[in-house]
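I wanted two things from this entry: the protein surface at one DNA strand, and the join between two domains of one chain. I looked them up in that order.

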2 protein chains.
Amino acid sequence: MNKPSPQAAYIHCYEQIRDKILNGELPAGMKLVEERLAAEMGVSRTPVRESIRRLEQEGLIKKKRVVNPTDEELRHIFQVRILLEGFAARCAASYMDEATLGRLQQCIDIARKGDDQETMLANKEFHDLIVQSSRNPEIVSIIDRMQSIIYLFRKAVVYYKRPFLIDEHQSILDAIRARDAARAERLMQEHLQADLDFYLHLGRR
Amino acid sequence: MNKPSPQAAYIHCYEQIRDKILNGELPAGMKLVEERLAAEMGVSRTPVRESIRRLEQEGLIKKKRVVNPTDEELRHIFQVRILLEGFAARCAASYMDEATLGRLQQCIDIARKGDDQETMLANKEFHDLIVQSSRNPEIVSIIDRMQSIIYLFRKAVVYYKRPFLIDEHQSILDAIRARDAARAERLMQEHLQADLDFYLHLGRR
DNA sequence: TTCGATAAAATTGTATACAAATTTAAAGTT
DNA sequence: AACTTTAAATTTGTATACAATTTTATCGAA
């Protein structure tokens with residue numbers, strides 16, 4: 001009755017390498033050498049190799065190097081987010097239950113008065129809850145993948161203090177609460193577009 | 001069929017296994033055993049293993065078995081297509097050049113009078129050309145992945161003779177030609193919805 | 001029979017060795 | 001210097017051995 005061991009090497013490796021990429025320990029552009037990573041984690045090349053391949057397919061690694069998304073790639077990714085998260089917001093307006101609506105409001109409240117870390121997590125949860133309300137695993141997984149790549153592009157935590165970001169979240173929630181699907185979708189799309197513009201503006205500094 | 005053949009085993013394996021899944025040689029539900037496939041292709045388990053992992057990530061294999069998408073999974077996949085291909089149709093109406101418009105018309109003409117195989121290819125090209133006109137590699141690759149899974153669901157070639165399918169293509173092209181982005185998007189979405197309904201109807205027989 | 005326990009077989013996960021390919025360094029020539 | 005060419009080194013791709021795990025088969029008891 002035992003579930004797959006809590007840490008099969010190939011899973012553990014994948015998660016660890018992924019984390020190191022996302023937290024910057026393996027910086028953008030860095031060449032990933034199987035043997036070095038394997039030694040670092042005390043395993044053989046085999047599970048490391050699988051992990052790299054998987055991360056390559058997810059778009060976090062390209063040609064054995066940590067990706068450094070260009071402005072254009074970022075625009076492409078955001079276009080997908082705009083379409084899918086816009087739809088998710090529409091679903092939320094139609095189907096989201098009271099408990100989750102309450103949790104969305106909590107996310108906004110936490111983001112308003114919390115520290116950087118709390119704000120970041122609350123803002124992320126806000127989006128995740130809406131995406132999940134699409135009840136579509138394909139959409140959830142596509143968005144999750146893209147959020148990781150976007151995370152990589154973020155140069156400064158400052159982002160989570162973007163002016164109006166939390167106000168926009170509040171407007172979206174208001175539309176969802178009012179069960180106004182069209183408005184929720186439009187506001188989400190505008191919100192993401194503003195996000196993209198902010199990223200691109202940060203980019204050239 | 002004779003391109004400078006990819007001599008790398010892991011690429012060749014991936015393509016061959018993928019083909020066998022799509023053409024039914026490896027039928028839905030079949031357990032894929034690394035050693036058996038390796039022997040069949042005259043290589044070791046290593047490249048076979050990588051191929052299986054990749055196909056697993058693409059959604060053609062689940063738990064070492066060729067997937068058999070449920071109605072619900074099919075709906076989820078089509079929802080993504082509706083959103084992304086709808087957007088692509090909008091882009092096509094805005095940006096598509098004369099040459100490509102001409103090619104779209106050819107696809108329709110071929111599909112009307114060709115045999116099953118020609119019709120299938122022409123209909124597929126029609127969609128591919130529109131998706132490509134989004135000029136967004138992320139969208140192209142997501143749709144490509146989903147089309148493969150849908151292909152797996154198709155029980156009969158009959159599909160490509162679905163009533164009105166080609167007429168719907170013609171209407172979409174007309175809207176694109178007229179540079180009517182909103183209408184092109186709406187027609188594409190309705191077209192895909194009709195496709196989905198047809199599949200689901202086929203399913204319970 | 002049906003059920004559960006358990007032994008046997010099959011299959012996967014991991015490490016390792018070696019060959020093929022790629023990258024880096026070194027050398028000589030202009 | 002800059003530019004090839006060649007040698008050395010690094011790194012990847014593949015095969016293979018073995019351990020760990022999962023699946024299947026077998027047996028006996030209720």
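I began with backbone contacts to phosphate in this predicted model. A backbone N or O atom of A:Leu32 sits 3.4 Å from a phosphate oxygen of DNA strand D. For A:Glu34 I found a backbone N or O atom at 3.2 Å from a phosphate oxygen of that strand. A:Arg53 uses its side chain: a polar atom there lies 3.3 Å from a phosphate oxygen of DNA strand D.

Next I checked which elements give two or more residues to this surface. They are α3 (45-58) of chain A, plus α1 (9-22) and α3 (45-58) of chain B. I listed 16 residues around DNA strand D; the nearest are A:Arg45, A:Arg49, B:Ala9, B:Ser44 and B:Thr46. By class, the surface has seven nonpolar, two polar and seven charged residues. On the DNA side, 51% of the strand D atoms within 4 Å of the protein are sugar or phosphate, and the rest belong to bases.

Then I turned to chain A, which divides into domain 1 (9-66) and domain 2 (71-203). Their C-alpha centres are 28 Å apart. Nine residues of domain 1 contact seven of domain 2. The two domains bury about 590 Å² between them, with 61% of it on carbon and sulfur atoms. Which three residues supply the most on the domain 1 side? I found A:Leu22, A:Glu58 and A:Leu60, with 57% of the area that domain 1 buries.

Last, I looked for charge pairs across this interface. The rule finds one salt bridge. A:Lys62 forms a salt bridge with A:Glu73, closest N and O atoms 3.8 Å apart.

Conventions: Residues numbered from 1 in each chain as written. Chains lettered and ligands numbered in written order. Predicted model: local features only at pLDDT ≥ 70, side-chain atom pairs only at ≥ 80, totals over all residues. Heavy atoms only, no water. Near = heavy atom within 4 Å. Polar contact = N/O pair within 3.5 Å; in protein donor to acceptor, adjacent residues only side chain to side chain. Helix = DSSP H or I, 4+ residues; strand = E, 2+ residues; numbered from the N terminus. Nonpolar A, V, L, I, M, F, W, Y, C, P; charged D, E, K, R; others polar. Domains from an automatic or database assignment. Contact = heavy atoms within 4.5 Å. Buried area = accessible area lost by both parts, 1.4 Å probe. Salt bridge = Lys/Arg side-chain N within 4 Å of Asp/Glu carboxyl O.
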